[in-house]
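These are my notebook entries from a reading of one structure. I kept them in the order in which I looked things up.

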Amino acid sequence: MSGPATPEGWLETVVVPRTSDIGGFEVRRALPSVRKRMVGPFVFLDQMGPAVLKAGHGIDVRPHPHIGLATVTYLFDGEILHRDSLGTVLPIRPGEVNWMTAGRGIAHSERSAAGERGRDRLLSGIQSWVALPHTHEETDPGFVHLGADELPVVEGEGKRLRVVAGEAYGVRAPTPLLWDTLYVDVVMDAGARLPVDCVTEERALYIADGTVTIFGDRFEAGRLLVLRPGEPATVEAETDARLILLGGAVMDGPRHIWWNFVSSSQDRIEQAKADWKAGKFDTVPGETEFIPLPEK
């Protein structure tokens with residue numbers, strides 16, 4: 001980034017994600033951060049890759065639990081096979097969304113399918129969590145998959161926008177929501193401009209690829225730009241770029257996060273720890289090995 005990044009005007013803060021390497025696969029974590037814990041209901045945001053998975057290798061995230069949130073998986077490239085304790089077995093591909101509501105408790109795994117492992121392939125995308133409102137933290141778990149052709153797309157003037165959740169740019173996604181939520185995948189050609197209005201209470205832009213300018217400030221890939229509430233902004237793509245516009249209404253109170261558990265109650269998280277350690281979560285059909293509870 002070059003140029004001023006001050007709290008005045010349109011910009012509230014800039015989050016530089018923490019980067020980690022998990023076996024040659026790079027992950028950038030933008031939320032939660034010491035600079036910003038939540039944006040609307042979003043309490044967790046990871047960019048996966050891009051990475052080339054070599055033939056014979058793949059993603060193997062063993063079954064693990066969640067409570068009090070919905071996991072949102074959205075891919076730019078590649079494929080991941082989802083399995084969960086509801087009995088769901090389904091691949092997710094680019095432009096589709098997996099929206100898994102954990103509620104009172106769910107377990108799932110994420111792997112590369114056997115048929116995908118025989119060749120080199122690219123994998124990249126966004127993993128995020130949205131907190132559930134107090135009234136639904138203990139709701140029954142559920143899973144929704146929407147194909148790329150089910151999510152509305154707005155094209156023109158050098159940009160292509162797929163609305164993954166909520167309402168934006170004159171269209172609404174069919175994704176079922178429990179809280180006011182905004183999620184838009186934005187692909188821009190160099191020179192294209194994207195207006196971002198201030199109807200949504202909290203908004204942020206995650207730059208997944210490319211370089212953009214906003215009111216003269218220049219930002220490169222791997223930055224989460226948290227917009228000041230009530231202030232519109234216009235993004236101009238300096239290069240071909242890809243962004244995620246996300247946000248929603250201010251959440252109904254803070255959330256505790258420990259490992260894969262999210263809750264408004266620390267006691268509820270302690271209970272979830274004990275339940276996973278005691279094997280009280282439902283099992284994932286077809287899976288025999290599970291991720292143990294961390295020691296800390």
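Entry 1, surface and overall form. I began with the surface and found that the chain exposes about 12900 Å², of which carbon and sulfur atoms supply 50%. I note at once that this is a predicted model. I then asked what share of the 296 residues is buried, and the figure is 52%. For the extent of the chain, I recorded that its C-alpha atoms fill a box of roughly 55 × 45 × 35 Å along the principal axes. I compared the radius of gyration with the value for a compact globule: with 296 residues the rule gives a value near 19 Å, and the chain has 19 Å, so the two agree. I also looked at the contacts with a separation of 6 or more, and 72% of them are between residues 24 or more positions apart. For secondary structure, I listed 1 helix and 26 strands.

Entry 2, strand β11. I turned to strand β11, residues 121-131, and asked how many of its residues are buried. The count is 10 of 11, so the strand is largely enclosed by the rest of the structure. I next looked up its partners. Strand β4, residues 42-53, pairs with β11 in the antiparallel sense over 9 bridges. As one position in this pairing, I noted V52, whose bridge partner in β11 is L122. Strand β6, residues 69-77, also runs antiparallel to β11, and 8 bridges join them. Here I noted T71, which has W129 as its bridge partner in β11.

Entry 3, strand β9. I followed β6 to another partner and found that 5 bridges join it to β9, again in the antiparallel sense. In this pairing, Y74 has V97 of β9 as its bridge partner. Strand β9 covers residues 97-101, and 5 of its 5 residues are buried, so I describe the strand as mostly covered. Which residues point which way from β9? I found V97, W99 and T101 on one side and N98 and M100 on the other, all of them buried. I then recorded that β9 is joined by 5 bridges to strand β12, residues 142-146, and that these two run antiparallel. In that pairing, T101 stands opposite G142 of β12.

Entry 4, aromatic pairs. I next looked at the aromatic rings. A pair of aromatic rings is described by the distance of the centres and the angle of the planes. Rings pair here if their centres lie within 6.5 Å, and the count comes to 12 aromatic pairs. I examined W10 and F219: their ring centres are 5.9 Å apart and their planes stand at 90°, so the pair is edge-to-face, as the angle is over 60 degrees. This pair links distant parts of the chain, for W10 lies in the segment before β1 (11-15) and F219 in strand β21 (residues 217-220), 209 residues apart. I checked how covered the two residues are. W10 is buried, with a relative accessible area of 8%, and F219 is buried at 0%.

I then examined W258 and F261. Their ring centres are 6.3 Å apart and their planes are at 25°, so the pair is stacked, as the angle is under 30 degrees. W258 has a relative accessible area of 18%, so it counts as buried under the 20% limit. F261 is buried as well, at 0%. Both belong to one aromatic cluster, formed by W258, W259, F261, W276, F281 and F290. I also noted that K273 lies over the face of W258, at 4.1 Å from the ring centre.

Entry 5, N260. Where is N260 placed? I found it in the loop between β25 (256-258) and β26 (261-263). N260 is buried, at 11% relative accessibility. Leaving aside neighbours within four places in sequence, I listed its contacts as H64, P65, H66, I67, L69 and W129. W129 had already appeared in Entry 2, as the bridge partner of T71.

Entry 6, D275. Last, I looked up D275, which is found in helix α1, residues 266-277. Is D275 buried or exposed? At 16% relative accessibility, it counts as buried. Not counting residues up to four places away in sequence, D275 touches K280 and F281, and F281 is one of the members of the aromatic cluster in Entry 4. I also took the distance from D275 to M100: the two are 175 residues apart in sequence and 20 Å apart in space, C-alpha to C-alpha.

How values were computed
Residues are numbered from 1 along each chain as its sequence is written. This is a predicted model: local features need pLDDT of at least 70, side-chain atom pairs count only at pLDDT 80 or more; totals for chains, interfaces and linings use all residues. Side-chain values use heavy atoms; hydrogens and water are left out. Rings of Phe, Tyr and Trp (its six-membered ring) pair if their centres lie within 6.5 Å; planes under 30 degrees apart count as stacked, over 60 as edge-to-face and the rest as tilted. Helices (H or I, at least four residues) and strands (E, at least two) are DSSP runs, numbered from the N terminus. Buried means under 20% relative accessible area, exposed over 50%, partly exposed in between (1.4 Å probe, protein chains only). A charge sits over a ring if NZ of Lys or CZ of Arg is within 6 Å of the ring centre and within 35 degrees of the ring normal. Contact means heavy atoms within 4.5 Å. Two strands pair if DSSP finds at least two bridges between them. The radius of gyration is taken over C-alpha atoms; the globule rule is 2.2 Å times the number of residues to the power 0.38. Accessible areas come from the Shrake-Rupley method with a 1.4 Å probe; for residues, only the protein chains shown count as cover.
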